Amino acid sequence: AAADPVSVLPGSLGGGSWCNEHDAIHERLDIIEEKVIKTVEHLESEVKSLLNIINETTSNIPIAPGTPLIDILDGKY
């Protein structure tokens, strides 16, 4: 009867342990999720800042007419 999940009622001694473990896992996942969100936000901010710096730095470079532009993101550089 102890192995029968129907015989273990919610809140009884048999079911409390797994419920506590389940809650603890969810608390850890919530903490991890919050850290991941904060990290992504920080990285987005850093990337925007770097792109602004690159844009400001390269906007003053004169390009001669007819010079072919190179796409550094196409994987052929």
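**Close-up views of a one-helix chain**

Of this chain's 77 residues, 1% count as buried (under 20% relative accessible area; exposed is over 50%, partly exposed in between, with a 1.4 Å probe and protein chains only). This is a predicted model, where local features need pLDDT of at least 70 and side-chain atom pairs pLDDT 80 or more, while totals for chains, interfaces and linings use all residues. Numbering runs from 1 along each chain as its sequence is written, and side-chain values use heavy atoms, leaving out hydrogens and water.

**View 1. The whole chain has 1 helix and 0 strands.** Helices here are DSSP runs of H or I with at least four residues, strands are E runs of at least two, and both are numbered from the N terminus. About 7,400 Å² of the chain is exposed, with 63% supplied by carbon and sulfur atoms.

**View 2. Ile25, Leu29, Ile32, Val36 and Val40 make a nonpolar surface patch.** Together they offer about 430 Å² of accessible area (Shrake-Rupley method, 1.4 Å probe). Patch members have over 30% relative accessible area and no salt bridge; nonpolar side chains are joined within 5 Å, like charges within 9 Å. Leu29 sits in helix H1 and is partly exposed at 47%.

**View 3. Asp23, Glu27, Asp30 and Glu33 gather in a negative surface patch.** Asp and Glu count as negative, placed at CG of Asp or CD of Glu. Glu33 lies in helix H1, residues 13-58, and is partly exposed at 46%.

**View 4. Glu34 pairs with Lys38 in a salt bridge.** Their closest N and O atoms are 3.2 Å apart; the rule asks for a Lys or Arg side-chain nitrogen within 4 Å of an Asp or Glu carboxyl oxygen. The two residues are 4 apart in helix H1, so about one helical turn separates them.
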